[in-house]
Amino acid sequence: MAPSEEDGSMEEKETKKKPLSPFATAWLTFYNITMTAGLLISVPRWLVLAVAMIRFSYQKRTHKGLYRSIQKTLKFFQTFALLEIIHCAVVRTSVLVTGVQVMSRIFMVWFVIHSIRPIQNEESVVLFLVTWTVTEITRYSFYTFNLLNHLPYFIKWARYNFFIILYPIGVVGELLTIYGALPFVKKSGMYSLRLPNKFNVSFDYYTCLIIVMIAYIPLFPQLYFHMLRQRRKVLHGEVIKEKED
């Protein structure tokens with residue numbers, strides 16, 4: 001579930017692209033400069049995050065307190081990923097694929113883990129933190145070596161194989177965390193708006209979380225099978241043809 005998964009033939013795409021607007025051209029210039037600099041520091045930062053997680057677990061002999069020790073770095077990186085949605089909209093690639101992953105992670109970080117502190121020490125949080133970290137190290141390594149025009153086959157292989165196991169594990173961790181948050185949300189009534197009120201509108205965050213969990217059912221398979229198609233295309237050279245009208 002990584003942003004900007006459109007790794008097809010660039011030559012084919014170039015022949016089909018329409019001229020970009022001045023805004024799109026300006027955005028791409030800004031984005032490429034920003035992401036070039038960002039890519040060169042993203043891999044070390046995620047590696048630092050991974051090392052911090054390993055060191056904390058080794059020294060403390062427990063997972064409790066792990067999230068609090070890395071939360072600032074995690075929040076920054078996941079929030080900054082919003083730029084990737086804007087990028088997809090400008091270059092007209094799959095906004096759905098990128099948007100679903102980025103927004104789901106931001107939702108998990110800010111509206112679940114950050115907001116509901118009693119669940120920060122749950123094992124399920126560690127589960128998706130580990131999968132996120134390994135996924136991002138692999139993804140940014142792939143992008144960085146691509147940027148340098150020197151992509152080792154192992155990095156390419158890892159990019160399109162690790163997700164087969166990591167994505168389902170990450171989703172299980174996210175769902176278990178949301179499920180674990182439900183009793184706290186129901187008891188506290190956080191983020192909920194009850195009637196009567198001056199806006200004459202009601203909102204129940206408990207129900208919202210349940211809807212989010214149900215939404216994983218149709219959305220996750222789309223993302224997962226999208227990556228499987230990209231895997232066939234990149235590793236095995238398969239040409240995936242779209243149905244003609």
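This tour of a predicted model moves from one helix to a cavity and then to a group of aromatic rings.

**Helix α3**

Select residues 66-80, which make up helix α3. At 1.5 Å a residue, its 15 residues should span 21 Å. The end C-alpha atoms lie 22 Å apart, so the length agrees with expectation. Now centre on Lys72. Here α3 bends by about 45°. Next, colour the buried residues of the helix: Leu66, Tyr67, Ile70, Gln71, Leu74, Lys75, Phe77 and Gln78. Keep Gln78 selected for the next stop.

**The second largest cavity**

The model holds three cavities of 30 Å³ or more. Go to the second largest, with a volume of about 70 Å³. Which residues lie nearest its centre? Show Gln78, Ala81, Arg105, Glu136 and Arg139. They belong to a lining of 11 residues. Three elements give two or more residues each to this lining: α3, α5 (95-113) and α6 (123-147). By class, the lining of the second largest cavity has six nonpolar, two polar and three charged residues.

**The aromatic rings**

Turn to the rings. There are 15 aromatic pairs in the model. Select Phe163 and Tyr167, a tilted pair with 5.4 Å from centre to centre and 55° between the planes. Both residues sit in helix α8 (residues 163-188); because they are four residues apart there, about one helical turn separates them. Are Phe163 and Tyr167 buried or exposed? Both are buried. Finally, add Phe220, Tyr224 and Phe225 to the selection. Ring pairs link these three with Phe163 and Tyr167 into a cluster.

Methods
Residues are numbered from 1 along each chain as its sequence is written. This is a predicted model: local features need pLDDT of at least 70, side-chain atom pairs count only at pLDDT 80 or more; totals for chains, interfaces and linings use all residues. Side-chain values use heavy atoms; hydrogens and water are left out. The expected span of a helix is 1.5 Å times one less than its number of residues. The bend at a residue is the angle between axes fitted to the seven residues ending there and the seven starting there. Buried means under 20% relative accessible area, exposed over 50%, partly exposed in between (1.4 Å probe, protein chains only). On a 1 Å grid over the protein atoms alone, a cavity is a set of points where a 1.4 Å probe fits but cannot get out, and a pocket is an open set with protein on both sides within 12 Å along at least five of seven lines; lining residues have an atom within 4 Å of a point. Grid points are joined across faces, edges and corners, and a volume is the space filled by probe spheres set on the points. Ala, Val, Leu, Ile, Met, Phe, Trp, Tyr, Cys and Pro count as nonpolar, Asp, Glu, Lys and Arg as charged, and the others, Gly among them, as polar. Rings of Phe, Tyr and Trp (its six-membered ring) pair if their centres lie within 6.5 Å; planes under 30 degrees apart count as stacked, over 60 as edge-to-face and the rest as tilted.
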